[in-house]
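Let's take a walk through this one together, chain by chain and then across the interface. Have the coordinates open as you read.

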Amino acid sequence: MSAATAQAAGPPPTAPGPGTAQAAPRRTAGRRRLTPYLLLLAGVAWLLVFFVAPMVYQASTSVQTGSLDKGFKVTWHVATYWDALREYWPHFLRSLLYSGIATAACLAIGYPLAYMIAFRAGRWRNVVLVLVIAPFFTSFLIRTLAWETILADQGPVVRFLNRVHVLDVTAWLHVTQGDRVLATPLAVVCGLTYNFLPFMILPLYTSLERIDGKLHEAAGDLYATPFTTFRKVTFPLSLPGVVAGTLLTFIPASGDYINAELLGSTNQKMIGNVIQSQFLRVLDYPTAAALSFILMAAILAIVTVYIRRAGTEELV
Amino acid sequence: MTTAPTAEPGDAVRLTGLSRTYGSFTAVHPLDLAVPAGSFFALLGASGCGKTTTLRMIAGLEEPTTGTVALGGRDVTALPPYKRPVNTVFQNYALFPHLDIHENVAFGLRRRGIKSVAKQVAEMLELVQLGGLARRKPHQLSGGQQQRVAVARALINKPEVLLLDEPLGALDLKLRRQMQLELKRIQTEVGITFIHVTHDQEEAMTMADTVAVMNAGRVEQLGAPADLYENPGSTFVANFLGTSNLIEAEVTGTSGGDIQLVAAGQRLTLPAARCAAEVAAGGRVLAGIRPEKVALTHRDDEDSVAEGRNRVPGRIVDSSYIGVSTQYVIDSPVCPELEVFVPNVERDGRLVPGAPVVLHWNPAHTFGLDAAQDIDAGIDADAEEAAA
């Protein structure tokens with residue numbers, strides 16, 4: 001219990017640490033020595049006000065007890081974490097599962113697209129890149145609402161899927177129900193995939209675009225078929241982009257609640273929905289804060305293991 | 001694709017009517033070329049002359065517009081690069097940055113399904129003198145070392161032909177000299193046919209057995225380095241390979257094996273065997289002479305010049321001392337800027353700018369070129385960036 005608290009509260013004080021240490025090159029000239037610190041000032045102030053302070057505040061909230069009428073007090077009631085986890089673990093699992101699948105789907109859709117933009121688009125490169133970012137010109141909420149229309153029960157998409165019996169298959173897999181796509185896991189995952197796809201494509205594109213085309217020629221010259229060239233040269237060199245893309249997709253997707261709210265039913269609630277309702281509807285601030293910390297710790301742990309496994313530090 | 005018509009077994013590479021056009025621009029005009037097996041062959045030319053395009057067509061990285069490529073008597077025109085028995089040393093090496101040196105060198109072997117590569121890789125790294133660096137990453141190596149890795153990575157596959165695309169272009173002068181000798185040594189040791197693309201005439205002459213001088217998508221002349229230097233066939237070759245003094249002269253007649261010329265009132269003799277142009281009395285011809293073959297004598301000592309030598313009067317415009325020799329620029333009635341390189345053996349103190357001199361040389365060193373060409377062709381060929 002206390003371990004969970006320590007781990008969850010760990011990051012805030014250490015987070016600004018590396019930044020300060022990095023920007024401390026020793027200069028002899030008296031005034032110049034201050035310059036790096038002065039340049040850091042805005043960033044450090046930002047971190048203190050918008051990251052450290054809220055974290056500390058949330059951490060203290062998570063160990064408070066009381067009610068809205070009588071007021072909350074810090075009582076070091078760490079059992080809140082335990083209770084929250086026991087009550088809401090299915091939501092945690094669901095969140096990680098949905099965002100994991102959405103991340104995999106983003107990678108499957110985004111990699112070929114990024115590859116195409118980087119190596120095949122020629123003079124259309126910038127146009128396609130703008131098209132990738134174009135959805136950002138409308139708000140997240142509206143884009144997600146649009147999917148309600150796309151996946152509507154009487155809409156052409158669902159009717160088509162029904163006719164070709166895809167929905168039978170998805171229903172058998174328990175990702176849709178009956179003749180509906182809305183209010184099913186499939187709808188939520190579709191929404192997540194769609195909304196976070198650009199966060200996958202852009203880092204992938206950046207890392208693919210940096211690969212020297214001569215390396216492909218060299219691989220071909222050394223008896224590698226195009227597929228082997230991809231497997232042995234292109235993909236390993238794009239790994240930094242894959243790691244960045246999957247993190248940028250997985251982390252926000254696992255905390256997301258809009259997609260589950262608009263496209264799912266009560267059976268698809270993710271942990272984001274729970275936190276949101278604890279904060280704004282139930283007004284149980286300690287539980288909400290504890291859930292936030294648990295989520296953060298879980299993501300931190302997953303990401304750490306993932307980066308270790310991907311071994312990005314080995315790459316150039 | 002048809003098979004190459006006259007593919008002889010002795011040729012490692014035979015190009016037949018090979019050409020490449022990009023839209024309306026012709027990078028390589030239909031080219032016929034045979035490279036004997038085991039030779040060190042250089043394609044020399046300024047940037048944009050089509051030499052790299054030719055090399056890439058042999059490697060299969062570029063598709064020819066017309067013509068065929070045959071390797072060791074086998075037509076490979078339709079084969080993709082990974083099925084051709086050639087390997088390339090790329091201009092900037094194109095080493096795989098995510099693999100260490102060992103894996104870079106082993107890449108080709110592994111692709112052909114060879115499992116135990118350690119011994120071969122170690123031997124190859126020994127050959128290029130990189131024994132202890134097998135576990136380094138390319139970016140931890142110097143330019144010269146990376147160059148050796150690129151050579152090792154290509155050579156380990158024992159290709160029928162090794163293609164080198166400006167392999168020394170990124171190195172500084174001293175290292176380049178060293179690597180020239182090194183590459184020559186490796187080629188002699190492994191006996192594989194090398195085709196080497198370069199814009200550096202000195203590099204081509206140092207290393208290659210045969211040099212093909214390319215200009216504007218065509219091979220201007222092909223031959224042994226000394227042959228090209230002594231008997232250039234065009235003004236481009238004469239100017240691109242070293243420097244040449246070209247004197248426009250009128251043919252007055254022929255006697256024996258010699259052609260008699262007159263330029264600005266000066267009589268000159270040119271051996272008919274060394275004249276690349278058809279000549280007739282009254283016609284015009286360019287008489288060429290290399291700067292180091294000309295001797296310089298002060299006008300006061302004119303009588304000491306032996307009879308029978310070609311001689312031209314002039315005045316020193318400029319002189320620069322460069323150690324081994326002094327380079328003079330001479331203003332002469334036959335040519336406004338004659339260049340003369342005089343070895344610094346016994347320097348005549350009177351030979352300073354402004355001094356009147358007599359230039360004289362053995363007529364046998366004179367070569368003749370068709371006067372109907374651009375006399376300055378190839379002088380600044382490197383500066384003329386053409387699209388390629």
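## Chain B

Start with burial: of the 388 residues in chain B, 52% are buried. This is a predicted model, so keep that in mind throughout. The secondary structure of chain B comes to 8 helices and 20 strands, and its C-alpha trace spans about 80 × 50 × 35 Å along the principal axes.

How much of the contact map joins residues 24 or more positions apart? In chain B, such pairs account for 67% of the contacts with a separation of 6 or more. On the outside, chain B exposes about 16,700 Å², and carbon and sulfur atoms supply 50% of that. As for charge, chain B carries 35 positive and 46 negative charges, and the mean positions of the two sets sit 11 Å apart.

## Chain A

Now over to the partner. Chain A has 15 helices and 2 strands. Its length is 316 residues, and buried ones make up 38% of them. Contacts between residues 24 or more positions apart take a 68% share of those with a separation of 6 or more in chain A.

The accessible surface of chain A is about 17,700 Å². Carbon and sulfur atoms own 67% of that surface.

## A look at helix α14

One helix is worth zooming in on. Helix α14 of chain A covers residues 271-282, and its buried residues are I271(A), G272(A), N273(A), V274(A), I275(A), Q276(A), S277(A) and Q278(A).

What covers those buried residues? The cover includes α5 (79-120), α12 (226-255), α13 (258-263) and α15 (285-310), which also belong to chain A. Just after α14(A) comes L283(A), with a positive phi near 60 degrees.

## Where the chains meet

Interface size is often quoted as the accessible area that is lost when the parts come together. Here, chain A and chain B bury about 2,000 Å² between them, with carbon and sulfur atoms giving 67% of it. Which three residues supply more of chain A's share than any other three? They are D221(A), L222(A) and Y223(A), with 39% of the area that chain A buries against chain B.

In terms of residues, 20 from chain A are in contact with 23 from chain B. The salt-bridge count between the two chains is 1. To find a salt bridge on screen, go to E217(A) and R56(B): their closest N and O atoms are 2.6 Å apart.

How values were computed
Residues numbered from 1 in each chain as written. Chains lettered and ligands numbered in written order. Predicted model: local features only at pLDDT ≥ 70, side-chain atom pairs only at ≥ 80, totals over all residues. Heavy atoms only, no water. Helix = DSSP H or I, 4+ residues; strand = E, 2+ residues; numbered from the N terminus. Buried < 20%, exposed > 50% of the residue type's maximum accessible area, 1.4 Å probe, protein only. Contact = heavy atoms within 4.5 Å. Areas by Shrake-Rupley, 256 points an atom, 1.4 Å probe, with all protein chains shown as cover. Lys, Arg positive; Asp, Glu negative; His and termini not counted. Charge placed at Lys NZ, Arg CZ, Asp CG, Glu CD. Buried area = accessible area lost by both parts, 1.4 Å probe. Salt bridge = Lys/Arg side-chain N within 4 Å of Asp/Glu carboxyl O.
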